[in-house]
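Thank you all for coming; I would like to walk you through one protein chain this morning. Please have a look at it on the screen before I begin.

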Amino acid sequence: MALNLRQKQTECITRMLNLNQPVNAGGTANEEVYKILIYDRFCQDILSPLIHVKDLRKHGVTLYFLIDKDRKPVHDVPAVYFVQPTHLNVQRIVADASKSLYDSFHLNFSSSIPRSLLEDLASGTINSDSIERISKVHDQYLEFVTLEDNLFSLAYKNCYLQLNDPSAGDKEIEEIIEKIVSGLFCVLATLAVVPIIRCPRGGPAEMVASLLDQRLRDHLLAKNNLFSEGGNFTSSFQRPILCLFDRNFELSVAIQHDFRYRPLVHDVLGLRLNRLSVQGEKGGMKSFELDRSDPFWVANWSLEFPEVAVEIEAQLNKYKKDVEEVNKRTGGNSGAEFDGTDLVGNTKHLMNAVNSLPELTERKQVIDKHTNIATALLGEIKERSLDSYAKKENDMMVRGVIDRNELIGALKGKGTKVDKLRFAIMYLISTESLPQSEVEMIETALRESEVDTTAFQYVKKIKSLNVSLASANSASRSNIVDWAEKLYGQSISAVTAGVKNLLSSDHQLALSRTVEALMEGKPNPEIDSYISFDPRAPKSTSGMSSSHLKGPFKEAIVFMIGGGNYVEYGSLQELANRQQPVKHVIYGTTEILTGGEFIEQLALLGQKMGLGTSVPTPAH
């Protein structure tokens, strides 16, 4: 059975809401208990894309509150807490128990609670004579946000900035790696799978792979471990492959403009936790949800924007036609709006019309929603020439060149300051060797448009380091790239690792191409140097390339350290669906970023290196 992360995490949350009792086929516990749900802001984000208010009602949750809000006592009712295991949250739980706010406390931590905090909880409740109110304490291993069946985020902000910070010491880097590994462990525990791990040598990807391998090994030694129900698969075809990458593996994808519906909605309208707000026709803001319950979204998210507009028009015409058909059969007016008031005629047609009314109403709501979203997008596209940016950047990545007049025209033309900065950086990344005069010309054009060039300077600096590395002999190069020396992180090794690596002739992302090669398991010079880890194998073989680690694999989990996006997610889903038989790929990242948000992190890195002019701190 294909791994479905959304389903697995929803099942875990459902069980938690039912006081960790077994849940029947209908998704509820056999005994209905009314209860209160208390969560912190991080766990609110975990719940938000998966559980709606009506679902909470179904599971007997009558009230729900944030843990940091003042709450009144509710007697004779159990409370389900779903929070991160932090010192502050433990203090609040102890305070709530000492005030006897609720009848009993069912504590669920989003990841494993450290022993020190468990001791604080025990001593705090004993001292306040409230320990008998604590019914159960559970480690839920749910510290990640699932947005779709095959998409998750650790919601770890500014990870790229922290990993590449030139002032970060070994201790800070280790803490970041530990946090990422903890999140990935939660994902694997929820799926109940122990994967084969593959990653490029060096940098954060290898550090995460190595520590995750160790964490899984240690855990598998326990008799009742979280993976025992997953079965002890030995064949690689039955176990998934976990492919780890660092954002610098393919920097361009995090910056480029894309003209497909889903990346466009995210980048331009700020899709967050599957929700967005757009300006309504009458001036107010309208909020919409975009997830798998929306058939139009699921069917059209991978299309280019003009094709989506055509599809909306086609759906609207089909709706009008169906309404006319219903009105005709029931003898109503031939107006396009169907309000159900003109229904006359024989009973059979009347019943058919009544039965079709909810479906027609639902279709109209979906059409109206996407009309609103498309209108908002179209306004931004026209104002900022986003179609032109997307086309020019794509051409640059494929051909590696762009006409000078076209380049300067774009930098002096329409678009926000961030659009122009992204375009200039894309040019810098996609062109293998740039004359100094051309770089200065771009910088002048950016300054004339009052664009802060710090991020541009940062990428330029990394690129020049990369070029000097390429000419250095291998002995000195290994010293410079040594991760422990923290010379601008791993950025050096990958920003411009040959333009051919960025996009192949069929516009396939380097990430998708590499994942395809890793899943196929055939000899391939691009991945022959990749390290392999098998947490189920004896320690001596770890890091080696034994045959069962090679594949082929029918399922993959691809994780991007330092920020991911919907362009990569879409590309990997296309790859999975293109395979015969269809394969299955889950995509995860430390955080999902728009191009503008990623540029902010690059600018801050530039500042830390004393480059360019100052910029505000990221607001997201």
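Let me start with a question: does E443 count as buried, partly exposed or exposed, and at what relative accessibility? E443 counts as buried, because its relative accessibility is 8%, where buried means under 20% relative accessible area, exposed means over 50%, and partly exposed lies in between, all with a 1.4 Å probe and protein chains only.

Before going on, I should say that this is a predicted model, in which local features need pLDDT of at least 70 and side-chain atom pairs count only at pLDDT 80 or more, while totals for chains, interfaces and linings use all residues. Residues are numbered from 1 along each chain as its sequence is written, and side-chain values use heavy atoms, with hydrogens and water left out.

Now for the chain as a whole: it has 22 helices and 14 strands, these being DSSP runs numbered from the N terminus, with H or I over at least four residues for a helix and E over at least two for a strand. Of the 620 residues, 54% are buried.

Let me return to E443, which forms a salt bridge with K460, their closest N and O atoms being 2.8 Å apart; by salt bridge I mean a side-chain nitrogen of Lys or Arg within 4 Å of a carboxyl oxygen of Asp or Glu. This pair links distant parts of the chain, since E443 sits in helix α16 (residues 436-448) and K460 in helix α17 (residues 454-471), 17 residues apart. K460, at 23% relative accessibility, counts as partly exposed.

A search of the whole structure finds 30 salt bridges, and one of them joins the side chains of D213 and R217, at 3.1 Å from N to O. These two residues are 4 residues apart in helix α8 (residues 203-220), which means that about one helical turn separates them, and both D213 and R217 are buried. Another salt bridge pairs R260 with D258, the closest N and O atoms being 2.7 Å apart; here R260 is partly exposed at 24% relative accessibility, whereas D258 is buried, with a relative accessible area of 10%. There is also a network of salt bridges that links K318, D322, E359 and R363.

Next, the interior. The largest nonpolar core has 72 residues, and among those with the most contacts inside it are I13, F245 and L511; such a core is a set of buried Ala, Val, Leu, Ile, Met, Phe, Trp, Tyr and Cys residues joined through side-chain atoms within 4.5 Å. Helix α20 (residues 510-520) gives the most to this core, with 6 residues. If we leave aside neighbours within four places in sequence, L511 is in contact, that is, has heavy atoms within 4.5 Å, with residues including F245, V558, E568 and L572.

Finally, let us turn to helix α21 (residues 566-578), whose 13 residues should span 18 Å at 1.5 Å a residue, and whose end C-alpha atoms are indeed 18 Å apart; the expected span is 1.5 Å times one less than the number of residues. This helix is mostly covered, with 10 of its 13 residues buried, including E568 and L572. The buried residues of α21 pack against several elements, among them α20, β13 (555-561) and β14 (584-589).
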